[in-house]
There are 2 protein chains.
Amino acid sequence: MAGRPRDERTRSVILRRAADIASQDGLEGLSIGRLATDLGVSKSGLFGYFGSKEELQLATVRAAAAVYVEEVVQPALTVPPGLGRVRRLCENWLSYSQRRVFPGGCFFFAVNAEFDARPGRVRDAAAAASLDWTRFVARAVDDARQLGELAGDTDPDQLAFELIAFMETANAVSLLHDDPNAYERARTAIRRCLDTASTNR
Amino acid sequence: MAGRPRDERTRSVILRRAADIASQDGLEGLSIGRLATDLGVSKSGLFGYFGSKEELQLATVRAAAAVYVEEVVQPALTVPPGLGRVRRLCENWLSYSQRRVFPGGCFFFAVNAEFDARPGRVRDAAAAASLDWTRFVARAVDDARQLGELAGDTDPDQLAFELIAFMETANAVSLLHDDPNAYERARTAIRRCLDTASTNR
DNA sequence: CCTACCGATCGGTAGG
DNA sequence: CCTACCGATCGGTAGG
């Protein structure tokens, strides 16, 4: 029977490795045989944990979301709502990407680009995670606005779009051109963007 | 013998279709057998045009770059250097993405994300094309600066990074969430960004 | 959770 | 430029 503590630990080790592979080679490039060999178990043994490749992919997305929440979202909640939390959120994201928590950079950047033009449950799961994150950033921006730290006419969705654009492009450029400078570019852009919208200039 | 007019036309039809597939399913998801079936030719016949999958991938990148130049770069050269050309470049890019010149959105966004964490000739070709584009945008920005239409202390590389971030994120968001609003977000951000750097406020 | 296998598809080749 | 094939690998299953 599934669900025993031992199984859960094994499952979590499998999924953490799956997310690492997928960040580099995509969720289609992640093959059950390769993952099994990597982990030193039989292919059918590993297969039994998930039942299909699609279920493995979906479980990997959920596992990566948990890492993302732990690395980026949770530590920002220790900062009180307001501009400080927005800044912290951005810095956490850039650090998560730059430290290569996943070896291929942000897991969701890779998987969103892979599935953005195909239908299916994996795409739906990735899109839902992306929407959660976008809304979370927009909410943090709106909190700062309501607290009077950002101008009253600030559009939270628009500002969230711009901040996320800088972060994701830093991830993309740093990977493709092996250029850590991209993170400083993003930090500069985010600083300027928030300063412009700030009431405390 | 290769290189006859007939062959060149066939080759170009093959590569245009290859780029369409790759924009949706990636250059690894592009299989020789599937491409051959799609085009109604034999797999080995098609294979003969390229000699290996990697050569097909590289030829596809070159073909997509030609489309990109024709759709985005060339029509911007009809506008004289300066802020107008920068705006035109951005608008051409957004239109190229929004019109789905490639059905999976910007070919290079998809392929760059697919290969950004793997070594090889395909990655190198994608990175080179990306660098060409980034430099072209930065050059257009610097022209506008030297013409006095952008502030003298404008950093062309920084501004190019920001403009490209808005464009690529519009592409990504519009695909993943089927949300054409993302393009208006990018247009708003680009307008504000250029207005802020402009000397004609 | 293992070995051993299934049919399908992959990139690539032989031979004409 | 075709048919027919190669070994390798894919997702998935049978049987224990």
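Here, a residue is near a strand if one of its heavy atoms lies within 4 Å of that strand. Keep that cut-off in mind as you click around, and remember that this is a predicted model.

**Stop one: DNA strand C and its surroundings**

Select DNA strand C and show the residues around it. You should get 13 residues, and the ones that come nearest are A:S42, A:S44, A:Y49, B:S31 and B:K53. Now colour the strand's own atoms: of those that come within 4 Å of the protein, sugar and phosphate make up 55%.

Colour the protein side by class next. The surface near DNA strand C has seven polar residues, four nonpolar ones and two charged ones. Which helices supply at least two residues each to this surface? From chain A, pick helix 3 (43–50); from chain B, pick helix 2 (32–39) and helix 3 (43–50).

**Stop two: the phosphate oxygens**

Stay on DNA strand C and zoom in on its phosphates. Start with A:Y49, where an N or O atom of the side chain sits 2.7 Å from a phosphate oxygen of the strand. Then hop over to chain B. At B:K53, look at the backbone rather than the side chain: a polar backbone atom is 2.5 Å from a phosphate oxygen of DNA strand C. B:I32 also uses its backbone, with an N or O atom 3.1 Å from a phosphate oxygen of the strand.

**Stop three: two loops in chain B**

Leave the DNA and select B:R100, in the loop that runs between helix 5 (83–98) and helix 6 (107–115) of chain B. Check the backbone here: phi is near 55°, a positive value in a residue that isn't glycine. Is B:R100 buried, partly exposed or exposed? It counts as partly exposed, because its relative accessibility is 27% and that class covers values between 20% and 50%.

Further along chain B, go to B:D178, in the loop between helix 8 (156–176) and helix 9 (181–197). B:D178 isn't a glycine either, yet its phi is positive, at about 50°. Switch on the surface and you'll find B:D178 exposed, since its relative accessible area is 65%, over the 50% mark.

**Last stop: an arginine in helix 9**

Finish with B:R187, which you'll find in helix 9 of chain B. B:R187 is buried, because its relative accessible area is 16%, under the 20% cut-off. Show what surrounds B:R187: leaving aside neighbours within four places in sequence, its contacts are B:E91, B:L94 and B:Q98. With B:E91 there is a side-chain to side-chain polar contact of 2.9 Å.

Terms used
Residues numbered from 1 in each chain as written. Chains lettered and ligands numbered in written order. Predicted model: local features only at pLDDT ≥ 70, side-chain atom pairs only at ≥ 80, totals over all residues. Heavy atoms only, no water. Polar contact = N/O pair within 3.5 Å; in protein donor to acceptor, adjacent residues only side chain to side chain. Helix = DSSP H or I, 4+ residues; strand = E, 2+ residues; numbered from the N terminus. Nonpolar A, V, L, I, M, F, W, Y, C, P; charged D, E, K, R; others polar. Buried < 20%, exposed > 50% of the residue type's maximum accessible area, 1.4 Å probe, protein only. Contact = heavy atoms within 4.5 Å.
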